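Please walk through the model below with the sequence at hand. The paragraphs that follow take it sheet by sheet and helix by helix.

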Amino acid sequence: MTLPDLSSTLPSRPSLAWHKRWWRSQSPARQDRYAMLAPLLAVLMFLAAIAAAFGYLRLEEIDREQQAVKRDVEYAQQRLRLRLLERQEQLMRLAADVSNQQIDSEEFVTQAEALVQQYPELQSVVWIDAKKRVKMGYTSPSVPNAQVRTAGEMVRLPATEATFGLARDVRQPVYSTPFNTGTGTQAVLQVHVPLADAGRFAGVVVGEYQIDGLMRYAVPSEIAAKYAVALLDDQGKLLAGNTTPARNAAARFLPWTAQDNSYEIPVSPVGNGLVIRAQAYRTSLGLVGSGLFWLVAALSLMTAWMLLGTWRHTRRRMQAQSALIKETNFRRAMENSMLTGMRALDMQGRISYVNPAFCQMTGWSETELVGLTAPFPYWPEEDRESLASKLEDELAGRTTPGGFQVRVKRKDGHVFDARMYVSPLIDPKGQQTGWMTSMTDITEPNRVRQQLSESYERFTTVLEGLDASVSVAPLGSQELLFANKLYRQWFGSHTEGHLNLVAQAGRPDTPRGEADDDVDVLVGLPVGELTVAQSENAEIFISSLGKWLEVRSRYLSWTDGRLAQMVIATDITPRRHAEEQSAMQAERAQSASRLITMGEMASSVAHELNQPLTAINNYCNGMVSRIQSKQINEQDLLAALEKTAKQAQRAGQIIQRIRSFVKRSEPNRTPSDISAMVAEAVELAEIELRRRNVRLTHYVAARLPKLLVDPILIEQVLVNLMKNAAESVDNAQRPSARRSVELRVLPKVIEGQGAAGVGAVEFTVTDTGKGLAPEVMGRLYEAFFSTKAEGMGIGLNLCRTIVESHQGRMQAENLYNGGDISGCRFSFWLPTAQDALDASSHEPVNAVH
């Protein structure tokens, strides 16, 4: 690397004294030519002022003319609009009379004739029915016979048919676009006013205007006299009026030629189909017709010709001076804008040049540094020996291409880190005149590098201390990019453990069938970008460790750009054991609750069994007596035996129902019929209700869907609620007419559980007891809380647990009759089988062995 000697090539800044000396050194003739520059500038400024004044006045004149044209055209458009709206309102009144059947055909023709004769621009008024057939109308006598529409004639003009259809659709007055009814005819404009008969479309009343008549009678005469006023269609075609003659196309490009002063605007309410335009007549000769303009132009040309020679010489001089100033400014800007400090040393080690960046880094000015020899003031005292050694190597030519790091002391004593690069300084003749050193402040990069190192150390410490295994491996490779301490403790430093976790966590719950053999090997991967896909959770059992692990995995982009997969495995063996024990305890509690319920109903069950047993005993005793007295025939004996067998069967059914209710079994959720569950529960509960002299009524809605439940547990909830209801009625000592319990089963939609809600079935048990006290309502489902002296307080708690385990909800409320409590209602709902399956599909993935 060779750099030019900046100290020898940079020019010194010119001073005011130098300018004075340079001016005195010039010849008188040259000084005279320089002095002519000021009059030239004055003349040019005068000509520019004259031209600007002429241009400003001309622009003001053009603007005033344009504003006047715009204002007059808008006024003419308003007059034309008001005239059209007045005719439209009269036609609408005529159409209203026709729709209300207030006038007949003759009166319609009379009123139409009056309108046409009163308003010359209106050439015809026609009544057309809903079938596009002319029913009646009146046309001005000035209209040719070919354009007169007679009664019974069908409408066939395309423009009329299109406007007729639009009026029929929008049921509002509609204007057509201007059109010609035939060859050589004048353009006309139609307005279609719809008719209504009992809310139905009954035709239209068509008013037809002459465009030329609108031009004559609607446009004010004073505007028509001042401008060339014309009515155009949406294609710019002239319909009525006149225009100014076209100018020569080449003359439009001349700067002093006045442009056409015109303005056009659509006519409301017709819209863009009818446009009114006004063009101002040319009354001014323009700028070219002004004698003052030609006088000023001639003087300007003469002045420019006389000063052309002086200007050419001055231009050469200014070009040379500009190039010199530009080169000087460029070098100065390059020197001042450099962020790297530059220092030049001569062959003896003396500082010969420093740039502003070097001075800003060290805090020493250029005058304080230039000319100094080692030791330099920006050397720290403790590093002077090493820096002096490096300077000797530098002067001897022993430099390092990659530079070296040093510490530099600022003038205020602050020390920062810097990196220096040294290269020979070669002059234009190819001779080495010294050494050029560039210096860069690397304090901030060093600080960032240190922070990154500390951050990496902290991050690694945290990962090593986690109680979860963390591993990262690229896809399709056996390389293990990262593994923390627990992973190495469980699986070693190999990638087999990572791949085993990924394989088991991604294994489907159902076995592959024959139809799955052709499935893509990438099935199951996220369909979006892998690095933004959500993490997947799974619980698996690792037999080699004897542990249950919760595995979470996600994809990420590694530092080198490769796609990798991170797997986090957490030991959940204690939690799984606790869940299993909790499930066993809940199952035992449910079984115990059923036993307690049957124990509480023991007297009622005994009474229920006593009836068939007593009947059996009576039948047997009667048959024995009649056999002994030989007063029974074979037919009576068979009838008595059948009754005895029926009573025995009834007693057996009661015992079998109680055994199936209290028998402890594994939870078995199957699609269950609601009517069968309710029937079983009602038969069990009726035993207790009959003992307490409480009437039970129940209603089950027809065509209820099946529920995905354990029927024994749901029967347990129903029996417990009906038994509690009977006890509440009995404790309230209600009269016989009010001793009742009602069970209702109805379909229900649970709002807020999805876009369309969740289908469910609601069970409601209503009693006529004294209800629940406020302090009891707050602790209703609390375990081991009971209002009964002999109660254990686990019935309602288990009921709610059972309902919520089936993804349902339970609630209780008091019933009021005025201000008095008239009873209590317990209700719970369970999702249907399909909704229960959909909800269970969103739960975390089950464990895989």
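Strand 9 and strand 10 (residues 271-280) run antiparallel and are joined by six bridges. Within this pairing, Glu 264 stands opposite Arg 277 in strand 10. Both strands belong to an open sheet of four strands, whose order is 8-7-10-9 and whose pairing is antiparallel. The edges of this sheet are taken by strand 8 (238-241) and strand 9 (262-267); each has a single partner strand, so one side of each is left without a neighbour in the sheet. From one strand to the next, the twist averages 25°. As for what holds such an arrangement together, strands of a sheet pair through backbone hydrogen bonds, either parallel or antiparallel.

The coordinates come from a predicted model. The protein chain has 849 residues, of which 36% count as buried. Its secondary structure consists of 23 helices and 28 strands. Among the contacts in the protein chain with a separation of 6 or more, 59% are between residues 24 or more positions apart. The accessible surface of the protein chain amounts to about 49600 Å², and 54% of that belongs to carbon and sulfur atoms.

A second open sheet can be traced further along the chain. Five strands form this sheet, in the order 12-11-15-14-13, and the pairing is antiparallel. Strand 12 (351-354) and strand 13 (404-409) are its edge strands, each pairing on one side only. Neighbouring strands of the sheet are turned by 35° against each other on average, direction ignored. Inside the sheet, strand 14 (residues 415-426) and strand 15 (residues 432-441) run antiparallel, with nine bridges between them. One of the facing pairs is Ile 426 and Gln 432, the latter in strand 15.

Two helices are in contact with this sheet. Helix 13 (residues 443-465) lies across strand 13, strand 14 and strand 15, and runs at about 130° to strand 14. Helix 12 is the other one: its buried residues pack against strand 11 (341-346), strand 13, strand 14 and strand 15.

Which residues of helix 12 are buried? They are Leu 387, Leu 391 and Glu 394. These residues cover an arc of only 60° around the axis, which puts them on the same side of helix 12. The spacing fits a general rule: an α-helix has 3.6 residues a turn, so residues three or four places apart point the same way. On the other side of helix 12, Glu 385 and Glu 392 are exposed. The length of the helix can be checked as well. Helix 12 has 12 residues (residues 384-395), which at 1.5 Å a residue should span 16 Å; the end C-alpha atoms are 16 Å apart, which agrees. Just after helix 12, Gly 397 takes a positive phi of about 90°.

Helix 15 (residues 496-505) also has a set of buried residues, namely Gly 497, His 498, Leu 501 and Gln 504. They cover an arc of only 140° around the axis, and this places them on the same side of helix 15.

The last region to look at is centred on strand 25. Of the 10 residues of strand 25 (residues 758-767), nine are buried, so the strand is largely enclosed by the rest of the structure. Buried here means under 20% relative accessible area. Strand 25 is joined to strand 24 (residues 740-750) by 10 bridges, and the two run antiparallel. In this pairing, Leu 746 has Glu 762 of strand 25 as its bridge partner. Strand 25 also pairs with strand 27 (residues 820-831), in the antiparallel sense and over eight bridges. There, Val 761 stands opposite Leu 830 in strand 27.

Glu 742 gives a residue-level view of the same region, as it lies in strand 24. Is Glu 742 buried or partly exposed? At 29% relative accessibility, Glu 742 counts as partly exposed, because the buried class ends at 20% and the exposed class starts over 50%. Leaving out residues up to four places away in sequence, Glu 742 touches Thr 697, Thr 764, Val 765 and Thr 766. Glu 742 and Leu 696 are 46 residues apart along the chain, yet their C-alpha atoms are separated by 5.9 Å.

Conventions. Residues numbered from 1 in each chain as written. Predicted model: local features only at pLDDT ≥ 70, side-chain atom pairs only at ≥ 80, totals over all residues. Heavy atoms only, no water. Pairing = 2+ DSSP bridges. Axes fitted to C-alpha atoms, helices over the stretch in contact; angles between N-to-C directions. Contact = heavy atoms within 4.5 Å. Expected span 1.5 Å × (residues − 1). Buried < 20%, exposed > 50% of the residue type's maximum accessible area, 1.4 Å probe, protein only. Arc of directions from axis to C-beta. Areas by Shrake-Rupley, 256 points an atom, 1.4 Å probe, with all protein chains shown as cover.
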